[in-house]
Amino acid sequence: MRSAGAALLNLSGLGLGYALVGRWGRAVVCWAATGSLVWAALPADPDGVPEGVLVGYLLVLVAAAVDGARIARRSALGGAWRPVVAVGLGVVLLAVPAGGAAVYGSARDEARERMLLERLADGDERVEAAGRQPYDAAKDTYAQALRVYRALAEDHPGSRAAKLVPDRLEAYYRSVSAPYEQKRHCEAVAPLTHLRTLPESVDRKLLGELASWPDEPLAESLYACGVSRLGGVGGGAELGELLRTFPDSASARQVGPAVEERITAQVAALKGDEPCAATEVLRGLGTTAAQLPDERVKKLGAEAGKRVVDGVYACGVDQFEDGKFAEARTTLTGFARAYRDDGRVRRARDIATAAEIAADRPAAGKRLPPAKRPGGPRMELVISNDAPNTVEVLYTGPVTGTVSLKACAGCERYRASEGSRRACRASGRDYPKARLRLPAGEYHFLYKHGTGATARVDSYSSGTRVQPGYTYTSCTYVIERSPFDLDLPQLPGPIQPVLSPWGAGSYR
């Protein structure tokens, strides 16, 4: 009984077994061991007391119990009742370490709960910080917060923090989808797409109704963003994604009418003040519609492509009327080449010719060339080429056209002082000629040089009035600038036309 009592009293960690037998030194060792354990354990840590400390303390208690039993067996206790009391007290005091362990476990659990709540708060702070940034810049921060929420829910499902995760996920969804709530639909596409993919990485049971919530907002955003970009850059991407991902949605059913409405508006705009801009938008609409995965919308794209032809022609005419002659020439020349079967090709070429002349001689661009050729008598214009290079003659007035003259074999450049006197007057020389039959009226001409060795010859423009009852002649030749002219280098000179009216055999 004495040994059992001493052993039980020492197992309590209070060293009372040694006190029972009067071994106070050993009792102090027990007190020191218990004090060390309390010092290591408090305050309670979520991870608990280190395993090595617990094992060491238990070994100390077992050793103290064995040692106390051994000493008590050889020691006499006064009174027969004392061993019995020692055993009873030892049994009662065993509740001290057991109760301490229970209290410590509860404190450790509370510490763990606080730690998990701190993690939850950290995730909340990340969401709040991310909400103040554009989504592209905040993606990593959102991902970190989501990892916190998912870990709390999956690794600590019974904790207080885990029970708060569903509410935090709702706040997460609100923060990520803020651009949608603010009607910034193009900005909303990326974050809503992210939310729609969350069920692939987060348990649907945890997400609840949030798992399917992004579908409708994403469809709306794809539609609104795509429609806002129709005719520009990127509209086809959003609308194509909408038709592929949500083909049966209300937003998808609006795509066809929206494209048709926009095409109709741009076709009407071709007759307005900015046909060039309307043509580019219409071209973009046609390209976008042709690429969308919907047969009805594809047909709308084909129709838009047909109306682009009208737009290109209207654009060229508008550029001419605005005095943008170089642009008009480029546009209408391209029109004539691209749409050879169109009934306006001849007219487009005439306006392009007039635009090229007007670029050098603005008076030629005061009005569009007549759409119809005038009737009445026609006068003859004979153009001879006394230049050693080919010459293309462009003319516009009551009629518009071009004519080419071959290079004159054996012809040379003239000095400036002798060009008008000698040009086209060599007897016996067969100068290349072109004969034009022109209605009376005011004409503008552009004489264009050839290529190769004569590529540096300047083009030359001029104008004249063709009157009834006359035959007109024109001679083109090339003069060289004087080498003594310090302001101008010695270069091939301009093509010089000479128009001379003749009538009744006398020169006027």
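This report walks through the fold of one protein chain, from overall numbers to a few helices, strands and residues.

**The whole chain**

Keep in mind that this is a predicted model. The secondary structure of the protein chain comes to 20 helices and 10 strands. Of its 508 residues, 44% are buried. If you take the contacts with a separation of 6 or more, 64% of them are between residues 24 or more positions apart.

**Two helices, α10 and α12**

Let's start with α10, which covers residues 185-197. There is a kink of about 25° in this helix, and the kink is centred on P191. P191 is also one of the buried residues of α10, along with H185, A188, V189, L192, H194 and L195. What sits over those buried residues? The cover includes α7 (135-155), α8 (160-176), α9 (178-181) and α12 (215-228).

Helix α12 has a buried set of its own: P217, L218, A219, S221, L222, Y223, C225, G226 and V227. Here is how the lengths of the two helices work out, at 1.5 Å a residue.

| Helix | Residues in helix | Expected span | Distance between end C-alpha atoms |
|---|---|---|---|
| α10 | 13 residues | 18 Å | 18 Å |
| α12 | 14 residues | 20 Å | 20 Å |

For α10, the end-to-end distance agrees with the expected span. The values for α12 agree as well.

**A residue in α17**

Moving along the chain, V312 lies in helix α17, which takes in residues 295-321. Is V312 buried or exposed? Its relative accessibility is 11%, and because buried means under 20%, V312 counts as buried. Leaving aside its neighbours within four places in sequence, V312 touches T279, R283, T331, F335 and Y339. Take F335 from that list: V312 and F335 are 23 residues apart in sequence, yet their C-alpha atoms are 6.6 Å apart in space.

**The four-stranded open sheet**

Now for the strands. Four of them form an open sheet in the order β3-β2-β6-β7, and the pairing is antiparallel. The edges are taken by β3 (401-405) and β7 (460-466); each has a single partner strand, so one side of each has no neighbour in the sheet. From one strand to the next, the twist averages 20°. As general background, strands of a sheet pair through backbone hydrogen bonds.

At the β3 end, a hairpin of four residues joins β2 to β3. These two strands run antiparallel and are linked by five bridges, with L394 having T402 in β3 as its bridge partner. The side chains along β3 alternate: G401, V403 and L405 point to one face and are buried, whereas T402 and S404 point to the other and are not.

At the other end, β6 (residues 441-448) pairs with β7 over seven bridges, in the antiparallel sense. Within that pair, Y443 stands opposite T464 in β7.

What lies across this sheet? Helix α19 (residues 345-360) lies across β2 (391-396), β3, β6 and β7, and runs at about 100° to β2.

**H444 in the sheet**

H444 has its place in strand β6. With a relative accessible area of 8%, H444 is buried. The side chain of H444 makes a polar contact of 2.9 Å with the side chain of R361. R361 is also among the residues H444 is in contact with once neighbours within four places in sequence are left aside; the others are I357, A363, A364, L394, Y395, T396, S462 and G463. L394 has already come up as the bridge partner of T402 in β3.

**Strand β8 and its partners**

Last comes β8, which spans residues 471-480. Seven of its 10 residues are buried, so this strand is largely enclosed by the rest of the structure. Which way does β1 run relative to β8, parallel or antiparallel? Strand β1 (residues 378-385) pairs with β8 in the parallel sense, over six bridges. One place to look is S384, whose bridge partner in β8 is C475. Strand β4 (residues 414-415) also runs parallel to β8, and two bridges join them. There, R415 stands opposite E480 in β8.

Terms used:
Residues numbered from 1 in each chain as written. Predicted model: local features only at pLDDT ≥ 70, side-chain atom pairs only at ≥ 80, totals over all residues. Heavy atoms only, no water. Buried < 20%, exposed > 50% of the residue type's maximum accessible area, 1.4 Å probe, protein only. Contact = heavy atoms within 4.5 Å. Expected span 1.5 Å × (residues − 1). Bend = angle between axes of the 7 residues up to and from the residue. Pairing = 2+ DSSP bridges. Axes fitted to C-alpha atoms, helices over the stretch in contact; angles between N-to-C directions. Polar contact = N/O pair within 3.5 Å; in protein donor to acceptor, adjacent residues only side chain to side chain.
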